Amino acid sequence: MSATASSGTASIGSKFSGAHRLLAFASLIALVLVFSLASPNFMQTSNIIAILQATSVNGVLAIAATLVIITGGIDLSVGTLMTFCAVIAGVVLTFWGMPLGLGVLAAILAGAASGTLSGTFVAKLKIPPFIATLGMMLILKGLSLVISGTRPIYFNGTPGFTQISQGSLIGTVIPGLPIPNGVLILFLVAIATSFILERTILGRFTFALGSNEEAVRLSGVNTDRWKIAVYALAGGICGIAGLLIASRLNSAQPALGQGYELDAIAAVVIGGTSLSGGRGTIIGTLIGALIISVLANGLRILSVAQEWQTVVTGSIIILAVYTDILRRRRL
Amino acid sequence: MNAVVVMKDIEKSFPGVRALHNAQLELRSGEVHALMGENGAGKSTMMKILAGIYRRDGGEILLDGKPVDINSPRQAQDLGIGIIHQELNLMPHLTAAQNMFIGREPRKAAGLLLDEGKLNGQAAEIFASMHLKLDPRTLVGGLTIARQQMVEIAKALSYRSRVLIMDEPTAALNDAEINELFAIIARLKAEGVGIVYISHKMDELKRIADRVTIMRDGEYIGTVPAETTPVEKIISMMVGRALTDERPDVPDHSNSEVVLEVRNLNRGATIRDVSFSVRKGEILGFAGLMGAGRTEVARAIFGADRRDGGDIFMHGKKVDIHMPQDAVRAGIGYLSEDRKHFGLATGMDVRNNVVLASLRRFTGPGGLLKEAAMHDVAVRYIDQLAIKTPSDKQEVRLLSGGNQQKIVIAKWLLRDCEVLIFDEPTRGIDVGAKNEIYKLLNALAQQGRAIIVISSELPEVLRLSHRIAVMCEGRLTGILSGGASQEEIMHLATLRGEGANNNNKQTKPAKGEAK
């Protein structure tokens, strides 16, 4: 193989992987255009902010799911873990009356601990990720109900808790741009996770594990430990999602959570992350999450029935994955 | 006797490699025709073309004198050509009968239901014709390898095969099982089935083959009668080239320090009491037939597989190796025979693969990776090892086999391993690139590293090794000096010590191998 020939294939390769992200982004723009032409209400600032706010929770969860999926695994527990972390925050803040900072810390640590446990099941006990996190999903769902006594925990005793998601730091600085903190947090989490994935050793091993775990192991790397670390990080991010949803509802709703994992995985997949591992981006996941929110919002504005919205979302997932398969086949 | 199958002037190329050139085979009905050659000689490729798995690029296949095109395994089956692969292709969770008739199950109730009774009946009939005592309802996963092979043969017969291809059928069998297999082959032969038998084992040829076709480097060398041709003649036809001339001067290492020593390594039946040592600057070759346990020894030393017993010493000090990371810490690197599966993260770029085993050295505070330093190192090795790649950001899967191998070597050089174990270092690499890898290995030895090379290609072992360890059936049957001849190696590689014992007392089946 001559150097020029191989550089040719390489540039095609990167063009194509860029193309997928572009495609997802273009679909997002197209959706926005279609909806704004169809309804004048769509492009209202208040509606755009509503879309972003609606994306924040699913977006953060999807980022957590992306990490695990890049390792070649899957995390079904992100939804109920989010709720569990919200309940833990409720216990620390409302039941024990601790200061806000401790509640936040507790939620994130609870998430990380749960992730560590899932990761241990997968890495050490060799339980397939699907099963391990399916088990964790049910365990966490049950525990949330047990701890809360099956009742919502309200955060009325913690002033400022609702500000986590609903307040607007940006709005106080730039009054014309009342972007809620929830959205700000989503973008901060996205930037931080992107940074970890692209620039740190943990991120490099995340990709390497999904690309060829045996090669990593035979390189003398303790693959178990890194895998557990990825699950733990994902768990911690679910803790942030828990804080976001609790803040938005001003309560921890113990019955909520199941079903969120599927929306999260849908966003990841639409964003071009491969379920077989080794490939994926946070920006793609973010776009995927936005596509889902824009669809839901736009179809609602057009008065399309809820049941048809689900049909559309489902079709989009299949279409997104199929374009990805087409792209890979061409290489 | 008339020929059932004639393969004429067969050509086949894979990207970058010419696998077959002017390959020939003539198979008569009712004969066992052995196909011999070194690994990589093209035997399996030839048979995969006959079985419709690969398409030929050129040449002709005649069946009963008529030219045929075989474009799919299904078509081959319809023509009466069955193949039993080296790796058995059975579904362990299904029964023997279900496996045999997969996709062709007899139906009942207007095709709605499977007729399990008829299925088992048909399977039982075939087993009876083979004089094989096996319940068709047995789950295949619970059968021994030998029995699974019988199921494969029965499956091939269920297609009314007139041609049966067997690719190293005895590689995983003990002596009693081999006898059982040979009895079935004799019966098939009597019924007029033509059998192509691929094997490395000379003693088997003498027992069952009628004629032998020898291949080398993808080309036809000749066809000789099995009974009257001396083994030496067949081996020389297989090996051909005058490699003895290329052998380098074997340096004397007897005064050098012993770097790695392995004592009494054991793992089930695959590694039996293996002990050896490698000195600084020495290249120790490992020769043996397929399944002799060479790779297993490497993986056990490296901690990739658990071992039942045995100690490993580095510079005379015992080291505790349970996982690959322990081995790497002790200074042992392993370059797996299957680069794509075990050696490289092929979807990642050159830079990341080079540093994969040493990522911690490129990690700053907060887990931040030092990309610039990684780039420098990758570029240095690209220069040093002459890796042909447009840049260090090129995905590894887009490079040729030789260049991929160099990347794996770079990975371990960066890790500064004193002992490097190369498992089939030139598999899938074309001839020109092979020479480069050989030079590289010699240079590494001269720099004072201790090197182990496992290779199934005798010329390669002879060309590289300062000493040659030969294995057979999990045992180290001898260590030869660098000047050894191919015949000496072949002799040790087929020295089936315990098998010989079993032959003496054939009344006892050789199930539990003597300890």
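Two strands count as paired when DSSP finds at least two bridges between them. Keep that in mind for this predicted model.

**Exercise 1.** Find how strand 9 and strand 10 of chain B pair, and over how many bridges.

*Solution.* Start with the residue ranges: strand 9 of chain B covers 163-167 and strand 10 covers 194-198. They are joined by 5 bridges, and the sense is parallel. For one example, look up Leu164(B), whose bridge partner in strand 10 of chain B is Ile195(B).

**Exercise 2.** Place these strands in their sheet in chain B, and work out which strands stand at the edges.

*Solution.* First, write down the order, 6-9-10-3-11-12, which makes an open sheet of 6 strands with mixed pairing. Next, look at the ends: strand 6 (81-84) and strand 12 (219-225) of chain B each have a single partner strand, so one side of each has no neighbour in the sheet. From one strand to the next, the twist averages 20°. Finally, add helix 6 (residues 175-190) of chain B, which packs on the sheet and touches strand 3 (32-36), strand 9 and strand 10. The direction of this helix makes about 145° with that of strand 10 of chain B.

**Exercise 3.** Now move to chain A and describe how helix 3 packs with helix 11.

*Solution.* Begin with the axes: those of helix 3 (residues 78-95) and helix 11 (residues 260-270) of chain A come within 6 Å and cross at roughly 125°. The helices are therefore oblique to each other. Then list the contact: Val78(A), Gly79(A) and Met82(A) from helix 3 meet Tyr260(A), Glu261(A) and Ala264(A) from helix 11. Sorted by type, these residues are 4 nonpolar, 1 polar and 1 charged.

Key: Residues are numbered from 1 along each chain as its sequence is written. Chains are lettered from A and ligands numbered from 1 in the order in which they are written. This is a predicted model: local features need pLDDT of at least 70, side-chain atom pairs count only at pLDDT 80 or more; totals for chains, interfaces and linings use all residues. Side-chain values use heavy atoms; hydrogens and water are left out. Helices (H or I, at least four residues) and strands (E, at least two) are DSSP runs, numbered from the N terminus. Axes are lines fitted to C-alpha atoms, for helices over the stretch in contact, and angles run from 0 to 180 degrees between N-to-C directions. Contact means heavy atoms within 4.5 Å. Angles under 35 degrees count as roughly parallel, over 145 as roughly antiparallel, 65 to 115 as roughly perpendicular and the rest as oblique. Ala, Val, Leu, Ile, Met, Phe, Trp, Tyr, Cys and Pro count as nonpolar, Asp, Glu, Lys and Arg as charged, and the others, Gly among them, as polar.
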